[in-house]
Structure formats: structure tokens, C-alpha cells
Amino acid sequence: MSNDTRQNYSSTSFLQLEEKLLVIQQVDYESGIYYRSESPLPYLDFKKVGWDRIIPKEHKAIVIKNQFVSITILPEMGRIYSMIYQPTGHETLWRNDIIRPGGANNELGWWLWIGGIEYTLPKDEHGTSWALMWDYEILKNTETCKTLRMQVQEPTSGLYHQIDLSLVANSSALKSDISIWNPTPETVNFAHWVNPMWAPGGKNELTDQTEFLIPTKQVLIAERWQKNLGPSPQSWVENPLRYICNWPKMGDLMADGLDAGFYGVYSHEEEEGVVRVFDPDINPGVDIWTYGFNPDDVPMGSGKKNKGYAEIWGGTVKHFPDETAPLPANGTISWSEWIYPFQKTKGLSIATENVALHHRSVSHGLEVSLCPSISIVSAQLKFQVDGKTIISKLFSTSPDNPYHIIIEWEKISTSSNILMILLDGEEEILRIQIQAFTPYFKFLKQDR
């Protein structure tokens, strides 16, 4: 579907880009930053951090928004800072009330608790790219599309990191076109991880019934976290760790392979979620890290009590954080991905860049709920059994107008696979196969 087609779907559509200075309070940590003669990276002397000195810091910010989302980017940090879901007015990302540093298992030995979404190179937890000064430019600023480019060269690996962030009219999905280039004459082993710090629902912390949504059959628990989270591997479909309220303490769990290219979180109390959609062949890694349920040690700069957030890492390698993969001399790896909020689906069974959909068996039928990332005036949902269309529903839907239906079992076969097809006009945008009375799905097609 073209951007020009999408822009005509809503008479209330608008798309804006604003450059501004954003003041954020922070601990006076920059007084502790120093450089070593053999490295251009910024290191931190924790003894010189002014932990009790809270100072305002000006940041260059780019705000891109339409009627569905308002996204604040800190381009010189290579970071998305805020993603507000306009239909509810709720923030989807965790943000620290006062920025503060802390220790980390990376080349720098430290990291910044600020929140949002970071894009990391070249390896280890958080890498080093978050600490660098990024260049940026506005590539497109039209009525139908806004695109911001952020780029940096990571000095220890020599890799160039380029991210084009785009929002189009009448869409809630932020598209990221990511490219990593190795200009050196040698092969470089690296791992790229996207780290969204999610807390959907607008409370700046996880609600008790937040569900973690990964299309995998089992998860792996690193040895250092098995005391907190249990043995490895574990089946995922009915695992209690799908809900934050069942995490006794902090830790990581990793998907042991993916059945589809998405993952997300959903707050059942607030009926809001957020999802990342991507190519699982290029980005096979998914890792969840949290502080555990109702923790005492979330490093809020103010010291205020907070239930924390979910870091759900997505990587170009399968295992976090030690695995790497080679990028040959003058080689490039590129891909596109989408992040968007959604609502009122009661969970998530499948997601593409155009729609988040949940289906489940209920006592009297098949319940289907969907929330698109685009406005669809001429939507059609078809149910087929043994190649024959049994039910066809016409409707309109948009990010602020989700669709919900229950199909009674007597109207469809309870012993055969049910094929469900979603159309946008004549264009098929989703096709999934459902086995009646089970929550499982077989992924057939993802529109790209």
C-alpha cells in the first residue's frame, strides 16, 4: 500500500515534525567522564559523579507526530526518548525521572539509565554506541512522510551505524531502516541489539498483569539467572513467566528460535500494548530482562519507588549478550523494522507492520480482536474451512478504532483448520491458520 493511499483514509490526519530543545534533569555524572590515551570512548569515574547534584541538561530533540503517535527522538544520542499513543494519551516507553549512570558489563563499564529505545553496537550489554555523539539530518519532511537519519561510526570496531526513522500519515508505526557497514579491510565480529524499554499503559512502570509476547516454543535461562527464574530450557506457551507478576527476581530469558518476526508486551489492566515487527532471519535474537515483580532496586534518579520496565532486546544473533557474527570487509547488513502501540486486543497472537491481532477460543466460539497500525476503510475478514469461505465480515478500522468479533462454533467447523484472511480492499495483508479450540497458530504470510 502506498503512502499516498494511506493519507486519504482520515479527514483528521496530520503529520508534523518539530525541532526543539528539550531540558531533562540528570545527576551530574558528566563531571566524572574521562578519556584514555588509547581509546576515544568516554569512561566514567564513579567517585567523581555528583550523585546529589541534579542539573538540567539541554538536548536537541526531534518530535514527529500524527493523530496516532507522538515520537520524541534525541538524535545526538541515537535514541528514541518517548512514544505517546495519541488515542489514549499514554506513554509506552519507560523514562527515568532523573537520568543517572550505573555499572554495565560492556567495554565502558557503565551505562545511562535514561529510558526509551536504544540501538547498540558492537557487542556486550548495551555496547558503546549509546555513549557516542551521533550525526543526524532530516531526509524527508513532506505532508505524507517524515524521515530522520541518525548515524555514527563505532570506534572500537570501525562499523558505521545508520538508522532512518520514518513516520507516514495515518500510521501509528515508526519504521526503522537500519544499516551497518564495515568499511575496514578486515572481517569484524559484531552483534546489533535493539533495546526498547517498554512500560505500556501510561504509568511509567509495568502493570502487574503485563504479558510478554514472543512467538517461540521454548525459552532459555542463562546459568547466572536460573536461581531466580528456574531451569533451562522451559516451555513458553503456558509459562508463568509470560506475566511479570510471576517473576520473583530480576533476570534474562531468551527465545530458543522464533516462529514469526514479532514480539511485544501487553498491559491487560490498561488494555494497551506495543510491538516490534522485523525479519526473523536477519534478527533471530529475542531476550527479555526485567527487575522482577515489584522490585526495590529500579534506579530512579529521584529515588522514587517504581515497578520497573521490560527490556525486550532484538538482535542480529540468537543469544544475548556474548554471541557475535562476522561482517566481512566492506560488507553491509540492512533491514527494516516497525514499532507501534496497539489497544483492546486482550493479547497478541500475530503481528505484521500493518496489524496486531489476537484470537482465542471462548466457550461459544472463536474470539478475534485486531488493532491495525494504519487506517483501513474497506477491511474484510474472511474465514475459510476446507477452501470454502464460510463467513465474511466488512468493516472499517484504525489505530483508534480496533475491531472485535466472536464467531459462533456452529458457523465454522470445530474439527478442521480454520483459515483466516484479512484484506485491505483487494490487498491481502494477513493470512493465518487456526486450529479450533486451541490458542496456537500457523504463520503463513507477513506483508512486507
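Here is a short walk through this predicted model, from its confidence to one sheet and one buried residue.

Let's begin with how far the coordinates can be trusted. The chain has a mean pLDDT of 92, with 93% of its residues at 70 or more. Two stretches need some care. Residues 1-11 have a pLDDT below 50, and in the model this stretch makes 24 contacts beyond near neighbours in sequence. Residues 437-448 also have a pLDDT below 50, and here the model shows 43 contacts beyond near neighbours in sequence. Where pLDDT is low, the predicted coordinates should not be read in detail.

Next, have a look at a sheet. Four strands make up an open sheet with antiparallel pairing, and their order is 27-28-29-32. At its edges lie strand 27 (350-351) and strand 32 (403-408), each of which pairs on one side only. The partner of strand 32 is strand 29 (residues 365-372): the two run antiparallel and are joined by six bridges. To find your place along this pair, take Gly 365, which stands opposite Glu 408 in strand 32.

Finally, zoom in on Thr 92, in the loop between strand 7 (90-91) and strand 8 (95-103). Is Thr 92 buried or exposed? Thr 92 counts as buried because its relative accessibility is 1%, under the 20% cut-off. Its surroundings can be listed too: apart from neighbours within four places in sequence, Thr 92 is in contact with Met 83, Tyr 85, Met 197, Trp 198, Ala 199, Pro 200 and Pro 341. With Met 83 there is a polar detail to inspect: a polar atom of the Thr 92 side chain lies 3.0 Å from the backbone oxygen of Met 83.

Notes: Residues are numbered from 1 along each chain as its sequence is written. This is a predicted model: local features need pLDDT of at least 70, side-chain atom pairs count only at pLDDT 80 or more; totals for chains, interfaces and linings use all residues. Side-chain values use heavy atoms; hydrogens and water are left out. pLDDT is the predictor's confidence in each residue, from 0 to 100. Contact means heavy atoms within 4.5 Å. Two strands pair if DSSP finds at least two bridges between them. Buried means under 20% relative accessible area, exposed over 50%, partly exposed in between (1.4 Å probe, protein chains only). A polar contact is a pair of N or O atoms within 3.5 Å; within protein, one must be able to donate a hydrogen and the other to accept it, and residues adjacent in sequence count only if both atoms are side-chain atoms.
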